[in-house]
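Biologist: Could we go through this model together? I would like to take the overall picture and then some individual residues.

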Amino acid sequence: LRDNKVRKIYLSSVRAPRAADLQKNDENNPNANRQQIKRPLYEIPYLFEARELLRKRLIGKTVRVVTDYVQAASNEFPEKICCTVYAGNVNLGEALISKGLAKTVRHRQDDEQRSSHYDDLLTAEQQAEKRAVGLFSNGNGLQRIVDMTGDSNRERAKGLLNVLQQKGRMEGVVEFVASGSRFRVHLLKDNWIISFILSSISCPRGERRVPAGGNSQQQKVEPAEPFGAEALTFSKEHFLQRDVFVEIESMDRGGSFIGRLSTADGHSAALMLVQAGLAKVHDSAYGTPLYKQLLEAEDKCRKERVGVWTNYEEPTAKDDEDNEGENNPEGGQEEVVLGPAPINFNDSRFRRVVVTHVTSDLKLYVQYSEQGPKVEQLQSELRDIFSQTKPVGGHVVKKGELLAARYTADNEWYRARVEKIENNNRVSVYFIDYGNREVISDSSRFTTLPPGFSQLPAQAHECDIAYVRPPPDEDDREEAKNALLAEIGNDECLMRVEYRQNNSEHVSLYRASNKENIIKSLAEQGLIVVGQGRGGRPARPTPLYDELQQAQAKAKSSRVGLWQYSDQIEDDATEFGFNGRK
């Protein structure tokens, strides 16, 4: 309204499509299937079309509203303000009914609580019935959608990641706003519903319900973070039920797609939130087209103390000294002080992992520790089955097939996926639970997986090391890999995703027992090159980046490892014709 107040209103004398319309041919059982409706918008005949007509004519538009009557509140229902709504000179209630997307409520003759244009609504319904359109037709009027949201559809959504990335910019409608940066989006062309998270920003979380005490049946309300409610309101006002464009960049482990969202007139949702002081720029924004604008907007809000920056205080030299001398408070959270900033290892972003494989390009493959018992049980059962029943050899493999393969090093059977088949019967396989690969030419070392062994998702998760690139020389890379494996040993590690780039998670890695930064140790030995992505410094240095740079500077000054003869390596020696990129 003009006074900035919000009112919920209803269209006078208009009845929207409802579940009963599903049973218009089953008068003896009007309640059939009613309990089966989970998504009314898509499962009730013509309800989606009715919503779309109103959405396109109303959202973001100025309209004229005439109050016809007010239904008083009853024990079961709240007060209802019933109005006639005009978009220009068009009565939207009449427009819905004329297209067969709604019906006219039948009032008693003495009932004065009706639309001021009730006769027009009746006439529109008669014409729609005569033309047999919408609810008066023989069509089912259902909107067929493919739901990719929720835990049950996580694997299905992951299978779509490459497809959506290749599609580029896609038209959609924001159907639901869960928080300032989390939405449910309807992709119009393919009728896919996806969970979507804005990339490049960190937005305060709104109020949410979470399981109470580990019991999924009982829930408790977790309060919103500061300015979480404001961020939620902002996103509802600017994006809910609006036409948008989305571009998919990556996906989180919960099955939500991560990417960019812009309004129909081209405004970036992430930038709008940052400009409003309701989000901060995330490290993953580095290198994106709007990175400079995001930083400028964030700096402006920080200087003006807007939104999430309201209580911001500029760091001082004294603060840095205090941080350096700060000890872990007794009975408090476990913190380790590294340089100027303490690391809170109780942060939920840290996960306990076991590193199962490292490549010469320093890619890590890890198993999450909480899944360890499941992997051990699967391997034990697989060994028991194949020890009791000898596997049938000579299995004809197919590219992409998930099967059991016998690893040469220990002669044990593991789950593997066929990646490549060469003409000379050489088959390249990827062991999905450990991350290593092998080329096998003996067909007797392949067999089909027993029933039920395909259900557990692949347990090897691929990661890159944050702010690190491998040395350009092959021998140096091999040395770095072996040193990393030696540093890790059989120890459990703590891992945190620092940023995402090119669909890959870039992580930090610490020894779980003593919280030692394993990657820092490699940098001190001069075995790796510190530099984000293709070797460029992040525009906003992070504590981790600074720590690794300091370790590398120490290695250079000591002339160890890669820096034995020079402070530069081949990729950085631009004066000799190299361009600094691999």
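Modeller: What follows is a short conversation about the structure shown above.

Biologist: What kind of model is this, and how are residues numbered?

Modeller: This is a predicted model, in which local features need pLDDT of at least 70 and side-chain atom pairs count only at pLDDT 80 or more, while totals for chains, interfaces and linings use all residues. Residues are numbered from 1 along each chain as its sequence is written, and side-chain values use heavy atoms, with hydrogens and water left out.

Biologist: How many helices and strands are there in the protein chain?

Modeller: The protein chain has 13 helices and 30 strands. Helices (H or I, at least four residues) and strands (E, at least two) are DSSP runs, numbered from the N terminus.

Biologist: What percentage of the 582 residues count as buried?

Modeller: Of the 582 residues, 42% count as buried. Buried means under 20% relative accessible area, exposed over 50%, and partly exposed in between, with a 1.4 Å probe and protein chains only.

Biologist: And what share of the contacts join residues at least 24 apart?

Modeller: Among contacts between residues at least 6 apart in sequence, that share is 60%. Contact means heavy atoms within 4.5 Å.

Biologist: Let us turn to the barrel. Which strands form the closed barrel?

Modeller: The closed barrel has five strands, in the order E19-E20-E26-E29-E28, with mixed pairing. From one strand to the next, the twist averages 60°. Axes are lines fitted to C-alpha atoms, for helices over the stretch in contact, and angles run from 0 to 180 degrees between N-to-C directions.

Biologist: How many bridges pair E28 with E29?

Modeller: Strand E28 (residues 493-501) and strand E29 (residues 504-511) are antiparallel and share eight bridges; two strands pair if DSSP finds at least two bridges between them. Cys-493 stands opposite Arg-511, and Leu-494 is opposite Tyr-510. Two residues lie between the strands in this hairpin, where Asn-502 takes a positive phi near 55°.

Biologist: What is on the other side of the pairing, with E19?

Modeller: Strand E19 (residues 350-358) pairs with E28 in the antiparallel sense over four bridges. Arg-351 has Met-495 of E28 as its bridge partner.

Biologist: Why is E28 described as largely enclosed?

Modeller: Seven of the nine residues of E28 are buried, so the strand is largely enclosed by the rest of the structure.

Biologist: Now helix H11. Is Leu-484 buried or exposed?

Modeller: Leu-484, which lies in helix H11, is buried, with a relative accessible area of 0%. Leaving aside neighbours within four places in sequence, Leu-484 is in contact with Val-358, Leu-364, Ile-465, Ile-518, Ile-519 and Leu-522. Leu-484 and Leu-527 are 43 residues apart in sequence, and their C-alpha atoms are 9.3 Å apart.

Biologist: And is Lys-481 buried or exposed?

Modeller: Lys-481 is buried, with a relative accessible area of 16%. This lysine also lies in helix H11 (residues 474-488). Not counting residues up to four places away in sequence, Lys-481 touches Val-358, Thr-359, Ser-360 and Leu-362.

Biologist: Moving to the N-terminal strands, what does E4 pair with?

Modeller: Strand E1 (residues 9-11) pairs with E4 in the parallel sense over three bridges, whereas strand E3 (residues 64-71) runs antiparallel to E4 and is joined to it by seven. Ile-81 of E4 stands opposite Ile-9 and also opposite Val-70. Two bridges join E4 to strand E5 (residues 90-91), again antiparallel, and Tyr-86 stands opposite Asn-91.

Biologist: Which residues line the second largest cavity?

Modeller: The lining residues are Leu-11, Ser-12, Val-14, Cys-83, Thr-84, Val-85, Asn-91, Gly-93, Ser-115 and Leu-121. Strand E4 (residues 80-87) gives the largest share of the lining, three residues. The space in this cavity is about 40 Å³.

Biologist: What counts as a cavity here?

Modeller: On a 1 Å grid over the protein atoms alone, a cavity is a set of points where a 1.4 Å probe fits but cannot get out, and lining residues have an atom within 4 Å of a point. Grid points are joined across faces, edges and corners, and a volume is the space filled by probe spheres set on the points.

Definitions and conventions. On a 1 Å grid over the protein atoms alone, a cavity is a set of points where a 1.4 Å probe fits but cannot get out, and a pocket is an open set with protein on both sides within 12 Å along at least five of seven lines; lining residues have an atom within 4 Å of a point.
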